[in-house]
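Biologist: Please take a close look at a single helix of this predicted model and set it in the context of its surroundings. I would like the account to run from the chain as a whole to the chosen part, and from there to the contacts and charged pairs beyond it.

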Amino acid sequence: MEKVFDSIFKTMVTKNPNLLIPLINEMFGTEYALTSRVTLLNDTHQTEKVEDEEMETERVTDSYIRISGNNYHIESQSNPDGSIVLRMIEYDFHIALDEALRSGCNVMKFPRSAVLYLRHTSKTPDQVSLIVEFSTGERVKYEVPIIKAKRISKDEIMKKKLYFLVPYYIMRVEDEPLEQVMADLLELIKSMNQAYENGELTSYDVESVYNHIGRLVHTAYNSEKIRKGVEDVMGGQILYTHADELLDQGREEGREEGREEGREEGREEGKDNLAELFRRLLADQRDEDVKRALEDEAYMDSLLEEYGLVFEKKNTDN
């Protein structure tokens, strides 16, 4: 199960890096604008060369990014880990070493680092640290803050735009009533839709979060009760993850009739229109229509026509 958490984190860092900006601000007390440029840096670092095999071992970090000239290293942990500080300093050492070697500089500059815990216990500290003692007797304290995802409330997520954490909100069913978690998640999704309308999020960001929620529900929480709760409360927001499958099975006639290039173009346009329909319905507070549309194809077609989202089928036979 841990692999799906890691995969979602890495995917969002790679494909939705700007969602990291509010999280960085929360972790380090910075005030980067949501429009700040996020540069993905090399997350694979060499450790030592094995001469007999002429190869090097590697350390792969969860994220290594740059914002406004400052480098950040964030690791995600699904469970508390007593050895995390040792792994963090190992990662940071190799990051600093790689940067020094690349620049030809004789200064090793560590990145600003933090750990995101998706779960924590009452004994999980707010930071981890260790003392590095050099041969000269000089001591340096190495500290890494810990952010506990479950401690950040729904209201804080919405206020601070911490939408990077929304896919993991479903994990609260481990500690809280399912109905409350689903109600909170619905508010979060509506908040994201509003952020999209305000131009603070892209449609790709919103759809990525939808898909990751669905992925966790169907992979990490393979429970009929949880799936039913998600479908009842979230409706189309989560069930949108099934739209890809429906379209892949030939739901759009234009996709079936065209050549591969035309079919792919039609499929992408259909996906965009479907996602836009769900967003507009939610903005108009038509939650019940979203649920009905997922069960009634003809009704979905009528809604697409009502909102002017029916795309023109392209003749791809020529």
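**Helix α3 and its surroundings**

Modeller: The chain exposes about 16,700 Å², and carbon and sulfur atoms supply 45% of that area. The model is a predicted one. Of its 318 residues, 48% count as buried. The chain has 13 helices and eight strands. Among contacts with a separation of 6 or more, 64% join residues 24 or more positions apart.

The part I have chosen is helix α3, which covers residues 84–103. Its 20 residues should span 28 Å at 1.5 Å a residue, and the end C-alpha atoms are indeed 28 Å apart, so the expected and modelled values agree. The buried positions of α3 begin with Ile 84, Val 85, Met 88 and Ile 89 and continue through Tyr 91, Asp 92, His 94, Ile 95, Ala 96, Asp 98 and Ala 100. This list contains two aspartates, Asp 92 and Asp 98, as well as His 94. After the helix comes Gly 104, whose phi is positive, near 75 degrees.

Arg 87 of this helix takes part in a charged pair: its side chain meets that of Asp 81 in a salt bridge, with 2.5 Å from N to O. Arg 87 has a relative accessible area of 22% and is therefore partly exposed; buried would require under 20%. Asp 81 is likewise partly exposed, at 23%. Side chains of opposite charge can pair when their charged atoms come close.

One of the buried residues of α3, Met 88, also belongs to a core of eleven residues that includes Val 128, Val 144 and Ile 146. Strand β7 covers residues 127–133 and β8 covers 139–148, which places Val 128 in β7 and both Val 144 and Ile 146 in β8. Phe 93 presents another aspect of the helix: together with Met 108 and Phe 110, Phe 93 makes a nonpolar surface patch of about 250 Å². Phe 110 lies in the loop between α3 and β6 and counts as partly exposed because its relative accessibility is 33%.

The eleven-residue core lies apart from the largest nonpolar core, which has 68 residues. Those with the most contacts inside the largest core are Phe 5, Leu 116, Ile 157, Phe 164, Val 166 and Tyr 168. Helix α5 (residues 178–197) supplies the largest share of that core, eight residues. In soluble globular proteins, nonpolar side chains tend to be buried together. Phe 164 shows how this core draws on positions separated in sequence: beyond its neighbours within four places, Phe 164 touches Phe 9, Met 12, Val 13, Leu 19, Leu 20 and Leu 23.

Ile 157, another of the well-connected core residues, falls within helix α4, residues 154–160. In that helix, Glu 156 and Lys 160 are four residues apart, so about one helical turn separates them. Glu 156 and Lys 160 form a salt bridge in which the closest N and O atoms are 3.6 Å apart. Both partners are partly exposed, Glu 156 at 30% and Lys 160 at 33%. Lys 161 lies in the loop between α4 and α5; its phi is positive, about 60 degrees, although it is not a glycine. At 24% relative accessibility, Lys 161 counts as partly exposed. Most residues other than glycine have a negative phi. A further exception is Ser 68, with phi near 50 degrees, in the loop between β4 (63–67) and β5 (70–77). Ser 68 counts as exposed because its relative accessibility is 56%.

The charged pairs discussed above belong to a total of 15 salt bridges in the whole structure. Arg 151 forms one with Asp 126, at 3.3 Å between the closest N and O atoms. This pair links distant parts of the chain, 25 residues apart: Arg 151 is in the loop between β8 and α4, and Asp 126 in the loop between β6 and β7. Asp 126 has a relative accessible area of 48% and is therefore partly exposed. Elsewhere, Arg 119, Lys 150, Glu 174 and Asp 175 are linked in a network of salt bridges.

Methods
Residues are numbered from 1 along each chain as its sequence is written. This is a predicted model: local features need pLDDT of at least 70, side-chain atom pairs count only at pLDDT 80 or more; totals for chains, interfaces and linings use all residues. Side-chain values use heavy atoms; hydrogens and water are left out. The expected span of a helix is 1.5 Å times one less than its number of residues. Buried means under 20% relative accessible area, exposed over 50%, partly exposed in between (1.4 Å probe, protein chains only). A salt bridge is a side-chain nitrogen of Lys or Arg within 4 Å of a carboxyl oxygen of Asp or Glu. A nonpolar core is a set of buried Ala, Val, Leu, Ile, Met, Phe, Trp, Tyr and Cys residues joined through side-chain atoms within 4.5 Å. Contact means heavy atoms within 4.5 Å. Patches are made of residues with over 30% relative accessible area and no salt bridge: like charges are joined within 9 Å, nonpolar side chains (Val, Leu, Ile, Met, Phe, Trp, Tyr) within 5 Å. Accessible areas come from the Shrake-Rupley method with a 1.4 Å probe; for residues, only the protein chains shown count as cover.
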